[in-house]
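This briefing covers a protein with a bound ligand, starting at the ligand and ending with the overall fold.

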Amino acid sequence: MPELSQLELETRFQKKIDDNLYIEPKDWMLEKYRQNLLRQISQHAHSEVVGMLPEANWITRAPNLRRKAALLAKIQDEAGHGLYLYSAAETLGSSREQILNAFLTGKAKYSSIFNYPTLTWADIGAIGWLVDGAAIINQVMLQRASYGPYARAMIRICREESFHQRQGFEILLTLCRGSKDQKAMAQDALNRWWWPSLMMFGPHDKDSPHTGDMTKWRVKRESNDELRQKFIDRTVPQADFLGITMPDKDLKWNETTGHYDFGEINWEEFNQVVSGNGPCNRERMNARVKAHTDGKWVRDAATAYANKKRNKAA
Ligand code: FAQ
């Protein structure tokens, strides 16, 4: 077969995407596509791993055995999600070591949401309800992403996330049906987690440098603003059911658009958190670096065992 020109390769690549076929690791792909996917998938993996930290804070203080078991299982799921995603990222030609190094040296981002503290038990409910709820809206779309390993990881992750969301909602429902103080605790958690949850979807479309390419390559099939609106429309009735109120005086149903209007997000806060100055950024990074350093002997032992087995087989 004659060798294809760069233009022919690019045309075939885009046609495959337009025909809704997966791009697989050994297929030819545009270098910019590879780099952007590696960026997004590795950031996503880091988010899952850092996302364990705010919840881990409450394992020893969960109010009963059932809650503790559910929280432990949820956190373990998140470690698993991180692993699927690191594996998917590795198929793009970067080693696990390189990917982790970018994270541990602060070069790679992770989701802004995990830089907020979990002050009360209701925060664990709010994380499940709002943070997992927002993550699902985004990840359901990513199940149809054009890169095969990412899309397949997302299908499995989404199944588990829906339990996480229900777990959180149920915690808040119990608090909202409880004493006056418990309901106030739920309201306080909503007040603190609502706006940061909206920030999870990223900047407005007009300020989002990657949306154009990622949409053309069908990694993104809905934009940051579309997904954020979907999340708001779905979540406000749930808050009504709980009997608590979103901390947004501009939030109201718009008959004409068929969506909720909402107030302006504090983008200055978002930028501060993303650039490392959120309430818990330093604490989170220190915890991750310490865990990685403390785990060195486990990695060394596993490598030594693998080498021993390989030598024996040889
Ligand atoms: N935080 O041009 P865009 C979870 C960055 S998993 C920090 O719009 P893009 C599970 C963005 O990376 C949650 N940085 O970028 C769980 C880019 O920076 P760069 C994580 C943010 O990629 C639940 C720059 O701003 N989910 O929660 C954020 O087209 C409970 C420009 O932005 C994912 O990662 C942010 N919120 O759209 C675990 C989903 N937003 O790379 C535990 C996959 C934007 O140029 C407990 N990712 N940035 O330096 C995505 O869908 C996309 O990457 C977006 C951003 C939508 C996050």
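**Ligand surroundings**

Of the 34 residues around the ligand, those that come nearest are Gln-43, Lys-109, Ser-208, His-210 and Lys-220; a residue is near a molecule if one of its heavy atoms lies within 4 Å of it. The model is predicted: local features need pLDDT of at least 70, side-chain atom pairs count only at pLDDT 80 or more, and totals for chains, interfaces and linings use all residues. Residues are numbered from 1 along each chain as its sequence is written, and side-chain values use heavy atoms, with hydrogens and water left out.

**Polar contacts (pairs of N or O atoms within 3.5 Å)**

- Arg-39 places a polar side-chain atom 3.0 Å from an oxygen atom of the ligand.
- An N or O atom in the side chain of Asn-138 is 3.0 Å from a ligand oxygen atom.
- At Met-199, a polar backbone atom lies 3.2 Å from a nitrogen atom of the ligand.
- On its own the ligand has 1100 Å² of accessible area (Shrake-Rupley method, 1.4 Å probe), and the protein covers 90% of this.

**Shell composition**

- The shell around the ligand has 13 nonpolar, 12 polar and nine charged residues, with Gly counted as polar.
- Helices that each supply at least two shell residues include α2 (31-50), α6 (121-142) and α7 (148-176).
- The largest share, six residues, comes from α2.

**Overall fold**

- The protein has 13 helices and two strands, taken as DSSP runs (helices H or I, at least four residues; strands E, at least two).
- Along the principal axes, its C-alpha atoms fill a box of roughly 70 × 55 × 35 Å.

Note on methods:
A polar contact is a pair of N or O atoms within 3.5 Å; within protein, one must be able to donate a hydrogen and the other to accept it, and residues adjacent in sequence count only if both atoms are side-chain atoms.
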